[in-house]
Structures are given as structure tokens and as C-alpha cells.
Amino acid sequence: MMSELSEPLENYLKEIYELEETKGQAKVVDLIEAFSISPGTISKALERLESLGFIDRSTKRIRLTEDGRKVAERLIRAHRLSERLLTDILEVDWIRAHELAHRLEHIWPEDVLEKMDRVLGNPATCPHGHPIPGRIQKEGIKGTTLDNVQPGEYRVVMIVKEREWILRAVEDLGLIPGKRVKVEGMEGRDVRVEVDGKGMKVPIEIAEQVVVSGIR
Ligand SMILES: [Zn+2]
């Protein structure tokens with residue numbers, strides 16, 4: 001069932017969910033930055049979401065209520081499955097897939113999403129490595145960003161922010177989810193790595209967007 005919320009309000013709920021997922025909490029300043037909107041606009045939107053019972057602001061933080069979480073999870077699942085459909089079946093590149101999914105996430109009825117999930121083989125994550133709600137255990141993705149690990153062998157698990165310049169850079173470097181990477185150490189402000197037997201330097205602003213986990 002589609003919720004009765006407007007698309008912008010749905011997007012705020014989704015952003016709050018994703019901020020909780022990546023930063024542990026959502027703050028008003030993060031929302032203002034994410035949507036490039038005025039404090040007045042966001043406070044009106046938050047008032048509306050609170051009156052509808054989707055968020056709780058009784059503490060200093062913005063927190064999703066159970067209903068708010070449900071709406072956000074449905075949207076995020078639709079977004080990440082749409083991306084999978086676009087990349088895995090339609091062979092659209094992962095930058096466009098992310099952009100198109102922002103529109104598609106609002107349109108799929110639940111039964112069509114179920115079918116999509118089945119056709120895609122019940123994927124655990126989106127192409128960028130973000131977990132599809134309900135599929136991965138509550139603790140979420142385990143790993144550390146590339147700028148924070150000791151030298152050793154790792155595997156790429158997730159690209160933190162799905163921004164075009166970041167996705168383009170990690171793709172050029174071959175640092176896509178699933179890829180093995182050997183970390184050699186820091187060199188100035190770059191991380192020296194080896195991917196597919198090729199040595200390269202990863203600028204720090206890219207390294208902090210690449211989550212890796214150790215290979216045992
Ligand atoms: Zn994605």
C-alpha cells in the first residue's frame with residue numbers, strides 16, 4: 001500500500017533513516033545540507049511528520065517512530081531493488097541507476113516489488129553495497145572505511161555516499177563492492193592499495209567513502 005504522504009515528506013523520512021544507519025543519528029543540520037533547503041522549510045516538514053506520528057522529537061534528536069520506520073524501509077527497499085533491476089537486468093550504469101531509483105522508489109506497488117525481488121534472486125544489498133531492509137541482520141554492514149584500516153587484505157563491501165563524483169572515482173579505481181583490495185599503507189594524504197595486481201593511490205576523500213571488511 002502506498003502511504004498518503006507527499007513525495008518530499010517521504011524523502012525526509014528516508015533521509016532520516018539513512019542518517020541513523022550511517023551516522024547513528026539524524027540532525028536538522030544534516031537534513032538542511034542533504035536537501036539544500038531552508039531551516040524554515042525543514043522545520044515545517046518536521047512539524048508535519050511529527051503530527052502524523054512518523055517522527056518523535058521529544059529528545060534533542062529526530063527519531064523515527066515505528067510507523068515512520070515502516071514507511072522509510074519500504075521506500076529504501078524499493079529504491080535498492082530498483083537499482084538492482086536497472087544494473088543487473090537492464091545493464092544501466094550504477095550512477096544513472098541511483099538517479100532513476102529516486103523516482104522509481106515511489107511508484108511500485110507492494111506485489112510488484114515482491115515479484116522484482118524474486119526475479120532478482122532476493123539480493124542482500126543494492127549495487128553500491130547498501131543493505132536491503134529486512135535482509136541483513138540488525139547490526140547492519142560490518143566494516144571500516146579504507147582510510148582507517150591496517151595494511152592487509154580486504155574486500156570492498158559498500159560505497160558510503162552514492163554521489164556521482166564518488167561513484168565515478170571508485171569505479172575508475174576498480175573499488176567496487178565484492179572486489180579484493182590489498183592495503184599497503186598511507187602515502188601522504190593517499191592510501192596506497194593494490195587491486196588486481198595493480199598498485200594505485202586512493203585520495204583520502206575517496207578512501208573515506210569505501211567500506212571494506214577483512215578477509216579471514
Ligand atoms: Zn545503491
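This report describes helix packing and sheet pairing in a predicted model.

**The N-terminal region and its helices**

The UniProt record, an unreviewed entry, lists residues 5–65 as "domain: HTH dtxR-type". Over residues 5–65 the chain is 62% helix and 7% strand, and the C-alpha atoms at the two ends are 15 Å apart.

Helix α1, which spans residues 7–23, packs with α4 at an angle of about 90°, the two axes being 9 Å apart. Because angles of 65 to 115 degrees count as roughly perpendicular, α1 is placed as roughly perpendicular to α4. On the α1 side the contact is made by Glu10, Leu13, Lys14, Ile16 and Tyr17, while α4 contributes Gly68, Arg69, Val71, Ala72, Leu75 and Ile76. By residue class, this contact of α1 with α4 divides into seven nonpolar, one polar and three charged residues.

Helix α4 (residues 66–89) also meets helix α5 (residues 94–104), and here the axes come within 8 Å and cross at roughly 135°. That angle makes α4 oblique to α5, and the crossing of the two helices is right-handed. The residues of α4 involved are His79, Ser82, Glu83, Leu86 and Thr87, which meet Trp94, Ala97, His98, Leu100, Ala101 and Leu104 in α5. The contact of α4 with α5 divides into six nonpolar, four polar and one charged residue.

**The six-stranded sheet**

Six strands form an open sheet in the order β3-β8-β4-β5-β6-β7, with antiparallel pairing. Its edge strands are β3 (144–145) and β7 (198–203), each of which pairs on one side only. Helix α7 (residues 164–173) packs on this sheet and touches β4, β6 (190–195), β7 and β8, with a direction that makes about 145° with that of β4.

Strands of a sheet pair through backbone hydrogen bonds, either parallel or antiparallel. The table sets out four of the pairings in this model.

| Strand pair | Sense | Bridges |
|---|---|---|
| β4 and β8 | antiparallel | five |
| β4 and β5 | antiparallel | four |
| β5 and β6 | antiparallel | five |
| β6 and β7 | antiparallel | six |

Individual residue pairs fix the register of these strands in the description. Strand β4 covers residues 152–159 and β8 covers residues 210–214, and between these two strands Val156 stands opposite Val212 in β8. On the pairing of β4 with β5, the bridge partner of Tyr154 is Val181 in β5. Strand β5, residues 180–187, pairs in turn with β6; here Gly185 stands opposite Arg192 in β6, and the bridge partner of Lys182 is Glu194, also in β6. Further along the sheet order, Val195 stands opposite Lys198 in β7.

**The two hairpins**

Strands β5 and β6 form a hairpin with two residues between the strands, in which Gly188 takes a positive phi near 65°. The hairpin of β6 and β7 likewise has two residues between its strands, and there Asp196 takes a positive phi near 50°. Strand β6 thus takes part in both hairpins, and α7 touches β6 as well as β4, β7 and β8.

Terms used
Residues numbered from 1 in each chain as written. Predicted model: local features only at pLDDT ≥ 70, side-chain atom pairs only at ≥ 80, totals over all residues. Axes fitted to C-alpha atoms, helices over the stretch in contact; angles between N-to-C directions. Parallel < 35°, antiparallel > 145°, perpendicular 65-115°, else oblique. Left-handed = near helix turned anticlockwise from the far one by under 90°. Contact = placed C-beta atoms within 7 Å. Nonpolar A, V, L, I, M, F, W, Y, C, P; charged D, E, K, R; others polar. UniProt positions renumbered as here; feature names shortened; annotations may be inferred. Pairing = 2+ DSSP bridges.
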